[in-house]
Amino acid sequence: MADPRQATGSGVLETCCLERILEALKLLLSPGGSGSSSLQITKHDVLLATLKSNLSAVEDKLLKDPHWKTLKLLRDEIANKAEWPQNSVDVTWSFTSQILLWLLCLKETMIHLAADFNPGKSNPRTPEAAPALSPDTLSISQQKTVQSVLQFVVTLGVCPYLMPGVGLPLRYRTEFGAVVQDVVCLDAAPDATRRLYTSCRVLLNVAQHASLGSLIFCRHFGDIAAGLCQLGFCPTKRKPLKPEEEVLTEEERALSREALRDILNQIYQPLAVRELLTLQGGPPQAFTDVKTQVRSRAPAWLWRLCGQLLSERLMRPSGVQAVVRGILEGAGAGAAGGHDAEATAADWKKCDLIAKILASCPQQSLSPEDYYRDICPQILDLFHFQDKLTARQFQRVATTTFITMSRERPQLAAKYLLQPMLAPLHRCLNTAEIPESDMVPGTILVTEEELSRCIEDVFKVYVVGNEPSAVLVDSLLPVLGVLFSLYCFTRQSVSHIRSLCEEILLWILGKLERKKAIASLKGFAGLDKSMPSLHSLCHFRAATQGGVMVTIKEPICDEDEDEALYQKVSSEQWQVEHLGDLLSLCQECGLAGDFFIFCLKELTHVAEENEAEFKMKPFSSKSLLELAQHHTLLVEGQEQKLLVLQLVAVLCERMSEQIFTNITQVVDFVAATLQRACASLAHQAESTVESQTLSMSMGLVAVMLGGAVQLKSTDFAVLKQLLPLLEKVSNTYPDPVIQELAVDLRITISTHGAFSTEAVSVAAQSTLNKKDPEGKTEGQRQTSHERSTGVSRSHLEQQQSHEKSNQTGLKSNTPLIPQEVSEPNATTNQKSRNITTEQLQEVLLSAYDPQIPTRAAALRTLSRWIEQRQAEALEMQEKLLKIFLENLEHEDTFVYLSAIQAVAPTTPPTPCLYHVLYRGCGETQMGWHGETYCLVGGCRACGDAPVATPEKVEAEKPVPRRGLKRPRAVAEPDEDLGCPKPKIRRLQHGGRRQTLWKLAG
């Protein structure tokens, strides 16, 4: 087919104006004929009559109007050069042929006008003035006219000649389309295939002009592409016997194939993807008519062709975005995102469909590895859209695609998806090799943008995707150490990636197997040195945009060794504290409880360490290298021990009473406590703290067996693992009360609760009372009141307490002391034994020991001796009270809370009120022994504070509540005293306050 662009002369085009051509097109499209259209046959006749009338009107205008003479010359010149049959018995083709001629005239005129246009120079005095428009620019009304003309060309010249299954049938589009389908005469010359070829080629010729091409492809690309697919790729039924019998030559078929690929490469790629999916048999376009849902299935050759063309779209640069946009925008999500974009992103089925398309390796690819190598970088780019609306639209698609590819081909996904995504974190690992060029101090190893993008991508893939597949979890394990270090660094300042790091760590710890999760926590705490961590030459630095970057450290000078050591110790302490904060968020899943039990077991190993193993052999038997190695092992061992102790302390402070989520964890905790107690006895290292912890753990077992928890047969199977340990405690522990309680617990566990001694019930109730120190019974309140009446009444209470001890099966040699002291408390009270002066002096010296645990244990021991009415301790009661009051100023929580517990029993056994003012720290200490309250308050006062008299306090005290009370901190009993609410001093090192009943364990 000849190119009509060479069929015109410049003289004709100079005098032919654009408006006349558009007027001729309007005349061809003008409505006419009869207005009666009640019957279908009438509609057909009206359509044919209108087409004939409009053709005659244009010819008359060309012949009679002298102003159209030039236009007639142009039309005739182009018609003479055209190589397609223009006249036919079928009126629809004659009309289509004339429209195609006028479109060619329009194109040539517009090209000539644009070539002759010279806009001239702009006026510098008015630079804001708009530049002159090109004369080939169409107005809005002219564009509407051209669009109507193109609609007629496609409806009359393309759609009627498509095979069934190729494109959407014309009769299912509009009512006018159904009429056209009936009036087109396919038997008349020229052949239907020749008509389709002519219409497609002329439209492509006209589309070479930019403005006309946009009008053509914007609305009619799918129909033109369907026609070209049929012309170039539809297989013929038989080979024609003679050349003149061929409808299309092989050259014309090749031109059609080439034209299809050209327009697919030039068109907006999402539009091409959407139309190819429609041709292949995807979801049809939305139509309201029910009849439009019926359509023929695409033939096999077209289905394979569209799949091949779609694969080629995908393999092009930015092909992934084109495919995703084509599917989503075709589903109703606009190119700019918005509400439709959110609705589309929420459709998981559509996201899964796109993911399967992207994860499937096309036949055009040489191998799956080549395909993944080319396509994976584009998938990662889907996470990095700057526009929020576009990012919202594509994020879920990208996440689903990421997970699908990791599931179908895990090795390739790990190599081409996960490793590039995690590359910034791998770059700063201690196992990575840093190039010498990057080892200059101050060099930025990972930029802020890279690290922020990496953390955001990991969050979107792992946390948002929430697919704990093996390849995803295993790929994240090597960089967990760096992630935790980054999390600790972000906790020290403000950063937008802090919450992302926290969510990632919580997700991976929750999805890992429990053993691997505990191993990861060991690495976080520094107990496992084999875990990959941040490179020793690297450190984090705050960046300008609120993110973090990784740089090379400055070398440490000899003068800065102390500063470097301080930074190292501070960093380790921060990491342990931040680990405690992280675990406080993992209590519901049970991970915090399991790790706490692990730390207790490690603490048992520390207690079992034999110092004789670390004694050095004679120097003569070792070389200097061996001595250095031995010294290094000793230092590392001591560091491990200190780290375990610090971990236990932080976990005790950070965790709540809900740390254990099931019976198994409670049993493991008790077992660890019993093992540590047995180890201490084996090394003759019994201490007050160990005794109190042992009493508390056995009290927990008594509480469970006492009915606080509904136990099942499986729970008793778990409890049976305590039997050997309880037997060992009952045989070796020196305290008879603990021995007898261990025996009773063994009996109760062995009989599955069928037989239970009263000692178990008393121990359980005592443990609950210690947990809720305000939850006293009426009998206890009455006993406390009777104690204040005199010595004779106190002696009567001692007799009743002694009788009760004999009835419960306790030892008969228990001292005669008041009931609220003599009850076998599971956390603090033990059987009283006569103490010697040497023992008292030793404990007094420990009360001034700088070591925190030693001092606190000494204070608690002295308090217990006062409660047990030990003669040696009662003689020094005033001195002990002074010691307790001095320790109230101590900055450590454990010490001053131990002193608070010791103050109340040290006061005279009469209902009195004492008041001590510490002017150095501005705190007021008050206690009322009648109700065993001990209130510590900070009063920010410069002078003495007014003190209420006992009568005033008794008058203002409200009626005590009968129900159980919740556990309350030591700073809370101000309501019953009727005094203003005090303020207790906050901790300086931990930032949190602990209650007495928690520290009692």
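Colleague: What orientation do H17 and H20 have towards each other?
Modeller: Helix H17 spans residues 388–408 and helix H20 residues 448–464, where helices (H or I, at least four residues) and strands (E, at least two) are DSSP runs numbered from the N terminus. Their axes, which are lines fitted to C-alpha atoms, for helices over the stretch in contact, lie 10 Å apart and make an angle of about 70 degrees, on a scale from 0 to 180 degrees between N-to-C directions. Since angles under 35 degrees count as roughly parallel, over 145 as roughly antiparallel, 65 to 115 as roughly perpendicular and the rest as oblique, H17 and H20 are therefore roughly perpendicular.

Colleague: At what pLDDT do side-chain atom pairs count?
Modeller: Residues are numbered from 1 along each chain as its sequence is written, and side-chain values use heavy atoms, with hydrogens and water left out. The model is predicted, so that local features need pLDDT of at least 70, totals for chains, interfaces and linings use all residues, and side-chain atom pairs count only at pLDDT 80 or more.

Colleague: Which residues of H20 make the contact with H17?
Modeller: H17 passes H20 in a right-handed crossing, where right-handed refers to the near helix being turned clockwise from the far one by less than a right angle, and left-handed to an anticlockwise turn. H17 brings Gln 395, Thr 399, Phe 402 and Ile 403 to the contact, contact being defined by heavy atoms within 4.5 Å. On the side of H20, the contact is made by Lys 460, Val 461 and Val 464.

Colleague: Is Ser 406 buried or exposed?
Modeller: Ser 406 is placed in helix H17, and a polar atom of its side chain lies 2.8 Å from the backbone oxygen of Phe 402. Not counting residues up to four places away in sequence, Ser 406 touches Ala 413, Val 471 and Leu 472. Buried means under 20% relative accessible area, exposed over 50%, and partly exposed in between (1.4 Å probe, protein chains only); with a relative accessible area of 2%, Ser 406 is therefore buried.

Colleague: In what order do the 3 strands form the open sheet?
Modeller: The pairing in this sheet is antiparallel, and two strands pair if DSSP finds at least two bridges between them. The order of the strands is S1-S3-S2.

Colleague: Which are the edge strands, and how large is the average twist from one strand to the next?
Modeller: Strand S1 (444–446) and strand S2 (538–542) are the edge strands, each pairing on one side only. From one strand to the next, the twist averages 45 degrees.

Colleague: Which helix packs on the sheet by touching S2 and S3?
Modeller: S2 pairs with strand S3 (residues 548–552) in the antiparallel sense over 5 bridges, and His 539 stands opposite Thr 551 in S3. Helix H20 packs on the sheet by touching S1 and S3, with its direction at about 125 degrees to that of S3. The helix that touches S2 and S3 has a direction at about 35 degrees to that of S2, spans residues 480–490, and is H22.

Colleague: What is the phi of Gly 546 in the turn between S2 and S3?
Modeller: Within the paired strands, Phe 540 stands opposite Val 550 in S3. S2 and S3 form a hairpin with 5 residues between them, and in its turn Gly 546 has a positive phi of about 85 degrees.

Colleague: What orientation do H11 and H12 have towards each other?
Modeller: Helix H11 (residues 269–280) and helix H12 (residues 300–315) have axes that come within 9 Å and cross at roughly 160 degrees. H11 passes H12 in a left-handed crossing, and the contact includes Val 273 and Leu 276 of H11 together with Trp 303 and Arg 313 of H12. The angle puts the pair over the limit of its class, and H11 and H12 are therefore roughly antiparallel.

Colleague: Which side chain is joined to that of Arg 313 by a polar contact of 3.1 Å?
Modeller: Arg 313 is found in helix H12 and is buried, with a relative accessible area of 4%. Leaving aside neighbours within four places in sequence, its contacts include Leu 264, Gln 269 and Gly 319. A polar contact is a pair of N or O atoms within 3.5 Å, of which, within protein, one must be able to donate a hydrogen and the other to accept it, while residues adjacent in sequence count only if both atoms are side-chain atoms. The partner at 3.1 Å is the side chain of Asn 265.

Colleague: What is the length of the polar contact between the side chains of Asp 594 and Arg 514?
Modeller: Asp 594 is found in helix H26 (residues 591–608) and, at 21% relative accessibility, counts as partly exposed. Beyond its neighbours within four places in sequence, Asp 594 is in contact with Arg 514, Ile 518 and Gln 665. The polar contact between the side chains of Asp 594 and Arg 514 is 2.4 Å.
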